[in-house]
Amino acid sequence: MRPRKTFLIAAILVGWIFTTYLIFLRNFKDPNPQKSQEMLEKVRYLEQNIQLAESHRDKLYQEIIKILQKEDKTTSTEALPLPLDNVDLGLGEISAQVPETSPRPEADVALSKLQQRYINNDINNPVIPVLVFACNRLSVNRCLDDLIKHRPRADQFPIIVSQDCDDAPTRSMIMSYKENVTLIRQPDQTDITVLPKEKKYKGYYKISRHYGWALKTVFRQGFDSVIIVEDDLSIAPDFYEYFLGTYPILKKDRSLWCISAWNDNGKEGLIDGGAGDLLYRSDFFPGLGWMMTKELWNELEPKWPKAFWDDWIRQPEQRKERACIRPELPRTRTFGKVGVSNGLFFDKHLKYIKLSEDFVSFTKMNLTYLQKNIYDEIFLKAVYQSPVVTLDELKRGLVTTKDPVRITYLTKEQYKRATKSLGLMDDFKSGVPRTAYRGVVSFFYNEQRVYLAPNTNWKGYDLTWS
């Protein structure tokens, strides 16, 4: 860029920043905290001035583009820095007095650096940030150690840790990783008012608030997709390879809406340990290490829930009959027994989940079989051409074939009886059994593939089964 253009752009931006700074000083010089009404009027007036300043900023930004295009027809506006939505003017005391409804300046500044270095939406070589949700677990280091250890390229998978709770020891732990991670902090630490009967669920309200803020903050930087991890997850050696390999199909197949590294029934004895490359479509949203696109976030953000975001996302209004991809062998495993769920399912189930130990080159595999039009024909044919056996025959070892077999269920009670007897997760979310696809749950039992399936005339999920 020529010196003249550089000086002109710098002069315009510095002028806007200085003008905005004067507005803040004029309106918040020596505020008297005792005069609440006067303070309220100042806040309202400040909001009007901020809107005016932002308007001037946008006009100046457009003028910069016009100048560059006029002087150099080859200049690309994509190479320009992002508009300065959250320039930190050093007004920390004012920020403490005015409720903060937008992302912290420090979060945008940190992520802008990543954006300028890493944004690349090439479907064959994408940049996918890993967003780690943290609160007050010092054991977040276990998660971060794994993510850094197995990461093939730092420039392709920048690690962003979003911290809630404002816990100082945890923050120090995260910051000790220095340039290996980018830390952003959820700014709204106010208490959440809930009904007395929901007091025990307050933690879920805070989690949903944190998720909404962090996803909005990251996606607004221009990233095309994001892998979401919580601070109590370990990952498999091919965790990144798994998401790289499945990324193209997520982008192309509109009947998919997420890629998950988790298998709810991924316990030893219920999975084929030799089928590390086996992937499924699932109507059940698994979570626990998953990838979503910006398109999906743009759809969900306007109606993001106040609590229980994961159950909310499983509702028909959000799922819209779309599926996720999940593996036979889990690529994540949780070590977080203590949390808002008070260890629910951990001792009984989660601690037995088997984490894949081998590396599968998913990027070198042909995964087109996961496209809906191909998968449905192959999968449903395999399920409904398999011989029917009873639960009792399977449990007593009376099945004479080693080929895949099928157990039929017609009612909710039949399904729950079978899953409890076999050690599978037995609950439903919005009528969908865990791991199910078109009502079918696939698992291993006594070294044999088994399909727990409804009849061929299946009419869809029944919300009353939840």
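**Strands, sheets and a cavity in a predicted model**

Q: Which residue in β2 does Val-132 stand opposite?
A: In this predicted model, strand β1 covers residues 130-134 and strand β2 covers residues 159-163. The two strands run parallel and are joined by five bridges. Within β2, the residue opposite Val-132 is Val-161.

Q: Which strands stand at the edges of the open sheet of eight strands?
A: The order of this sheet is β3-β2-β1-β4-β8-β6-β9-β7, and its pairing is mixed. An edge strand here pairs on one side only. Those strands are β3 (182-185) and β7 (279-282).

Q: By what angle are neighbouring strands of the eight-stranded sheet turned against each other on average?
A: The sheet is open and has mixed pairing. With direction ignored, the average turn between neighbouring strands is 25°.

Q: Why is one side of β11 and of β14 left without a neighbour in the sheet?
A: The open sheet of three strands has the order β11-β15-β14, with mixed pairing. β11 (405-408) and β14 (441-445) are at its edges, so each has a single partner strand. From one strand to the next, the twist averages 30°. The reason for the free sides is therefore the edge position of β11 and β14.

Q: Which residue in β15 is the bridge partner of Phe-444?
A: Strand β15 spans residues 448-453 and runs antiparallel to β14, with five bridges between them. The bridge partner of Phe-444 in β15 is Arg-449.

Q: What angle does the direction of helix α12 make with that of β15?
A: Helix α12 is formed by residues 372-384 and packs on the sheet. Its contacts there are with β11 and β15. Its direction and that of β15 make an angle of about 95°.

Q: How do the residues lining the largest cavity divide by type?
A: The structure has one cavity of 30 Å³ or more, and the space in the largest cavity is about 30 Å³. Its lining consists of Asn-263, Asn-265, Leu-270, Ile-271, Arg-326, Glu-328, Ser-442 and Phe-443. By type, the lining residues are three nonpolar, three polar and two charged.

Q: How many contacts does the model have beyond four places in sequence for residues 54-59?
A: The mean pLDDT of the protein is 83, and 73% of its residues reach 70 or more. Over residues 27-31 the pLDDT is below 50, and this stretch has twelve contacts beyond near neighbours in sequence. Residues 54-59 also stay under 50. For residues 54-59, the number of contacts beyond four places in sequence is six.

How values were computed. Residues numbered from 1 in each chain as written. Predicted model: local features only at pLDDT ≥ 70, side-chain atom pairs only at ≥ 80, totals over all residues. Heavy atoms only, no water. Pairing = 2+ DSSP bridges. Helix = DSSP H or I, 4+ residues; strand = E, 2+ residues; numbered from the N terminus. Axes fitted to C-alpha atoms, helices over the stretch in contact; angles between N-to-C directions. Contact = heavy atoms within 4.5 Å. 1 Å grid on protein atoms, 1.4 Å probe; cavity = no way out; pocket = protein on both sides within 12 Å on 5 of 7 lines; lining within 4 Å. Points joined across faces, edges and corners; volume = space filled by probe spheres on them. Nonpolar A, V, L, I, M, F, W, Y, C, P; charged D, E, K, R; others polar. pLDDT = per-residue confidence, 0-100.
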